[in-house]
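The following exchange asks on what grounds certain structural terms are applied. Each answer sets a value against its criterion and then concludes.

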Amino acid sequence: MRLLANLVPALLLATSGCAQPTPPVPANHTPSRTTQNSIGFDSNDYPGDDALPALRRHFAFAGYWLTNPPGERQNGWLGKRDVLLKNDFGFLVLANGKFDAEIKKAKRSGTAPAALGKKDAAAAIAAAQREHFPPRTIIFLDQEEGGRLNADQSGYLLAWTEAVAHSGYLPGVYASGQPVDDSPGKTITTVQDIREQVAAQHLTPIAFWVYQDACPPANGCTLQPPSLASNGTPDVAAWQYAQSPRRKEITAACARTYAADGNCYVPDLPKIMLDLSVASSSDPSHGR
């Protein structure tokens, strides 16, 4: 994922044509459906059918965009569920969310945050149906901005998750597990904030795909993932522990695991920069 200015950054996944770096050298392995921790990848750009066998040698599941990824005008993942299934991948199913500025712009034009959330949820649900994801697949809303959500962000996000919960699919959120200052002497993570709001309003429980690439608890761009339980946020479906490009201010301790250009690659696919996640399931969205 690309780093966005003025945000608590999350990765906006992309493939670039930069010069080939020297990639890290993690141990090769074939992910097993029975292992306690399964490893997966995600990228804004679909890597191509030809790359799937090599990716499957390392990864059990793939992030799968239902809508255009952040900053993109097209989505190369659409129509690719069958070929991913044929290559034995599980799924993290993902839909793009709105930034605070976009929510406020729509509000000024007469569309309330909750109405916008319901509209975007309807688009994600329709895309999941077109892509033939089965009922009770978890769809994760991509919440890129970290820290405590403001009222408009919360209104949008919780309307989205409730709409998905009433559709036959299950709601999830991709959100930050990076603690940030909240009040004197206290910190907050986005996941913690959302959970508190869900509990206070008696809303449908949400599955979380947490991003937290600080080293520690993350160990960098490696195919030997950290334990899912060590991410700092309990009870999550998946943990994104490596991002491309790395955030230098929080990854100094694991900088050598990334390539010279700061991105994360696997040795046999040096042109495809990836984000890496670990989960207790080889199909965290239950999208098979």
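Q: What do the buried residues of helix 3 pack against?
A: In this predicted model, the buried residues of helix 3 pack against helix 4 (113-130) and helix 5 (151-165). The buried residues in question are Asp100, Ile103 and Ala106, in a helix that covers residues 100-108.

Q: Why are the buried residues of helix 3 said to line one face of the helix?
A: The buried residues of helix 3 are Asp100, Ile103 and Ala106. Viewed down the helix axis, they fall within an arc of 130 degrees, so they line one face. On the other side of helix 3, Ala101, Lys105 and Arg108 are exposed, a term that requires over 50% relative accessible area.

Q: What is the sign of phi at Gly110, which follows helix 3?
A: The phi of Gly110 is positive, near 105 degrees.

Q: Why is strand 8 described as largely enclosed by the rest of the structure?
A: Five of the five residues of strand 8 (residues 207-211) are buried, so the strand is largely enclosed. Burial here requires under 20% relative accessible area.

Q: Which residues show that both faces of strand 8 are covered?
A: Ala207, Trp209 and Tyr211 lie on one side and Phe208 and Val210 on the other, and all are buried. In a regular strand, side chains alternate between the two faces of the sheet.

Q: What makes strand 5 and strand 8 a pair?
A: The criterion is at least two bridges between the strands. Strand 5 (residues 170-176) and strand 8 are joined in the parallel sense over five bridges, and the criterion is therefore met. Within this pairing, Ala175 stands opposite Val210 of strand 8.

Q: How many bridges join strand 8 to strand 9?
A: Three bridges join strand 8 to strand 9 (residues 238-242), and the two run parallel. The bridge partner of Trp209 in strand 9 is Ala238.

Q: Why is Asn231 called buried?
A: Asn231 is found in the loop between strand 8 and strand 9. Its relative accessible area is 3% and the cut-off for burial is under 20%, so Asn231 is classed as buried. Leaving aside neighbours within four places in sequence, Asn231 is in contact with Val210, Gln212, Pro217, Val236 and Trp239.

Q: What makes the approaches of the Asn231 side chain to Leu228 and Thr233 polar contacts?
A: The side chain of Asn231 reaches the backbone oxygen of Leu228 at 2.7 Å and the backbone nitrogen of Thr233 at 2.8 Å. The limit for a polar contact is within 3.5 Å, and both distances therefore satisfy it.

Conventions
Residues are numbered from 1 along each chain as its sequence is written. This is a predicted model: local features need pLDDT of at least 70, side-chain atom pairs count only at pLDDT 80 or more; totals for chains, interfaces and linings use all residues. Side-chain values use heavy atoms; hydrogens and water are left out. Buried means under 20% relative accessible area, exposed over 50%, partly exposed in between (1.4 Å probe, protein chains only). Helices (H or I, at least four residues) and strands (E, at least two) are DSSP runs, numbered from the N terminus. A polar contact is a pair of N or O atoms within 3.5 Å; within protein, one must be able to donate a hydrogen and the other to accept it, and residues adjacent in sequence count only if both atoms are side-chain atoms. Contact means heavy atoms within 4.5 Å. The arc is that of the directions from the helix axis to the C-beta atoms.
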